[in-house]
Amino acid sequence: MRKLIWLVVILTLGYAGYWFVGAHKIKAGAQDMLAQAQQEGWGDAKGVSLAGFPSRFDLTFQQPQLFGSDGAWTWSAPYAQVFALGYAPNKIIAYLPSDQKIALGSQAYTLSLADMRSSVTVGYSSALPLENAVTVITSPVLTPQMGSAPSLSADQLRLAISREDKAQGALPDPNDKGQLVMPGATYRLGAEAVNLMLPTALVDKLAPKSGLGDTIARLHFDALAGLRDPITKAAADQGLPGLMTFALSDLSLSWGGNDLSASGNLRIDASGYPEGTLQIRSATWRKWISIAQGVGLIGKDEVNVITSVATMLAAKDPQDALEVPLIFQNGQMSLGPIPLGAAPQFPQQQG
């Protein structure tokens, strides 16, 4: 019994020593990061504190601030907290309170919410490779500080990223039949917004006289992104590795009783331009044609022609849904035979 007691005492002292050493390193690292942020002009805070003994590391930044380049935007909060369990320091939870302040140019906003937290897991390596991260925001309301009416709100917002087997992001190489474009790392990306309420003025500007209403019932995104290298701490400091492949499983929208979805695969060439096709599908395509006319994307004379062609294409679908290809080729993009102009170019930062 005496030996058992001494063993418990030794283990307890050993763990206490581990906690205090770990706490010192974590706080010192946070202070170094804050000093760097202040020196480089992209962030600040009133102070850093650490608590949580004996089971957790609870790091708190008092009145943190972030600044965009050239004053394009600023962000601040009453505080920001990061929690980690003593026995699993590679898994952290970040929490931000309500009453955050955001400034975009000359316009200032207040972000209120019921809850906002993120969970992040990194690998056991000095490179700190990202394994997964999830952010959930409950009942966010973004309100202009000069007004009282909510500008933008939602029931819930979710963002997620998780590392997958890199082979899941592989796509056929169009320049070498039988071969695959194999990324250095693959990540699944997900996002969802439920009951996203837009400002009426914005709806009127985006889709005048459309009858869409101000609430997007659901916006969903699910895709696999193949990168040149894994996302690590160095990548976050230097710029993310270049995108090699992009497999879109679902990008869907439900708005005012109207649906719209897209899926397909893209490969990114050496210059950063996508090559491939996304299929865009809608069962309420007639409504979208009217909306496109209302916002000036198509003229009155073109509506009858487009409607006639769309009717013939939709007749092939059992649900009378219209499916058209969004084609990316040679740095350009087109919707079926209709040219849309230059395709977006993705930065090809090496990892």
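**From a hairpin to a lined pocket**

Strand β2, residues 47-51, and strand β3, residues 56-62, run antiparallel and are joined by five bridges. Within this pairing, Leu50 has Leu59 of β3 as its bridge partner. Four residues lie between the two strands of the hairpin, where Gly52 adopts a positive phi near 115°. This hairpin, like everything described here, is read from a predicted model.

The hairpin belongs to a chain in which 24 strands are found together with five helices. Of the 351 residues in the chain, 35% are buried. When contacts between residues at least 6 apart in sequence are considered, 51% of them join residues at least 24 apart.

One of the helices, α4, shows how its buried residues are arranged and what lies over them. The buried residues of this helix are Trp285, Trp288, Ile289, Ile291 and Ala292. Seen down the axis of α4, these buried residues fall within an arc of 165°, and they therefore line one face of the helix. The cover over the buried residues of α4 includes the strands β19, β20, β21 and β22, as well as the helix α5. After the helix comes Gly296, with a positive phi near 85°.

Ile291, which is found in α4, deserves a separate look. Its relative accessibility is 10%, and because buried means under 20%, Ile291 counts as buried. The C-alpha atom of Ile291 is separated by 9.0 Å from that of Leu212, although the two residues are 79 apart along the chain.

Helix α4 also leads to the second largest pocket, which has a volume of about 1,300 Å³. This pocket is lined by 37 residues, and those that lie nearest its centre are Ile280, Trp288, Ala292, Val324 and Leu335. Two or more residues of the lining come from each of β19 (243-255), β20 (258-268), β21 (274-282), α4 (285-294), α5 (300-314), β22 (322-329) and β24 (338-342). Among the elements, α5 gives the most to the lining, with six residues. Sorted by class, the lining of this pocket comprises 31 nonpolar residues, four polar residues and two charged residues.

The helix and the pocket can now be viewed together. Trp288 and Ala292 are among the buried residues of α4, and both are also among the residues nearest the centre of the second largest pocket. Likewise, β19, β20, β21, α5 and β22 are included in what covers the buried residues of α4, and each of these elements gives two or more residues to the lining of that pocket.

Key: Residues are numbered from 1 along each chain as its sequence is written. This is a predicted model: local features need pLDDT of at least 70, side-chain atom pairs count only at pLDDT 80 or more; totals for chains, interfaces and linings use all residues. Side-chain values use heavy atoms; hydrogens and water are left out. On a 1 Å grid over the protein atoms alone, a cavity is a set of points where a 1.4 Å probe fits but cannot get out, and a pocket is an open set with protein on both sides within 12 Å along at least five of seven lines; lining residues have an atom within 4 Å of a point. Grid points are joined across faces, edges and corners, and a volume is the space filled by probe spheres set on the points. Ala, Val, Leu, Ile, Met, Phe, Trp, Tyr, Cys and Pro count as nonpolar, Asp, Glu, Lys and Arg as charged, and the others, Gly among them, as polar. Buried means under 20% relative accessible area, exposed over 50%, partly exposed in between (1.4 Å probe, protein chains only). The arc is that of the directions from the helix axis to the C-beta atoms. Contact means heavy atoms within 4.5 Å. Two strands pair if DSSP finds at least two bridges between them.
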